Amino acid sequence: MTNEELQNVPPELKPISMWGYFGYMILFAIPVVGIILLLVFSFGGTRNINLRNFARSYFCLLIIALILAAILVLTGAVTVGVAGLSQWARSVA
């Protein structure tokens, strides 16, 4: 899109730049503030549809990661992996 075309786009449809996505990813990764802003943007705290959809997709990814981490912890796979890794490190040294 040219600059002239971007100026004619309504604010709620303006695309986010690559650096914008990068910045929002860093912002959402901040432990407490990032989660709060992620929830605000996901549930309509912004008029920009692109930012809202990006926040929703990041939120879904976070939920999936938490569910997978919980499954690994509950099944003991993390403990088995750490024990195997420490045993391997002792055998190498």
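How much area does the protein expose, and what share of it do carbon and sulfur atoms supply? The protein exposes about 7,000 Å², and carbon and sulfur atoms supply 73% of that area; accessible areas come from the Shrake-Rupley method with a 1.4 Å probe.

Please note that this is a predicted model, in which local features need pLDDT of at least 70, side-chain atom pairs count only at pLDDT 80 or more, and totals for chains, interfaces and linings use all residues. Residues are numbered from 1 along each chain as its sequence is written, and side-chain values use heavy atoms, with hydrogens and water left out.

I turn to the overall fold. The secondary structure comprises five helices and zero strands, where helices (H or I, at least four residues) and strands (E, at least two) are DSSP runs numbered from the N terminus. The C-alpha trace spans about 65 × 30 × 20 Å along its principal axes. Of the 93 residues, 16% are buried, that is, under 20% relative accessible area with a 1.4 Å probe, protein chains only.

Now to one helix pair. Helix H2 (residues 18-29) and helix H3 (residues 31-42) pack at an angle of about 120°, their axes being 6 Å apart. That makes H2 oblique to H3; angles under 35 degrees count as roughly parallel, over 145 as roughly antiparallel, 65 to 115 as roughly perpendicular and the rest as oblique. On the H2 side, the contact (heavy atoms within 4.5 Å) is made by Tyr24, Leu27, Phe28 and Ala29. H3 contributes Pro31, Gly34, Ile35, Leu37, Leu38 and Phe41.

Note on methods:
Axes are lines fitted to C-alpha atoms, for helices over the stretch in contact, and angles run from 0 to 180 degrees between N-to-C directions. Buried means under 20% relative accessible area, exposed over 50%, partly exposed in between (1.4 Å probe, protein chains only).
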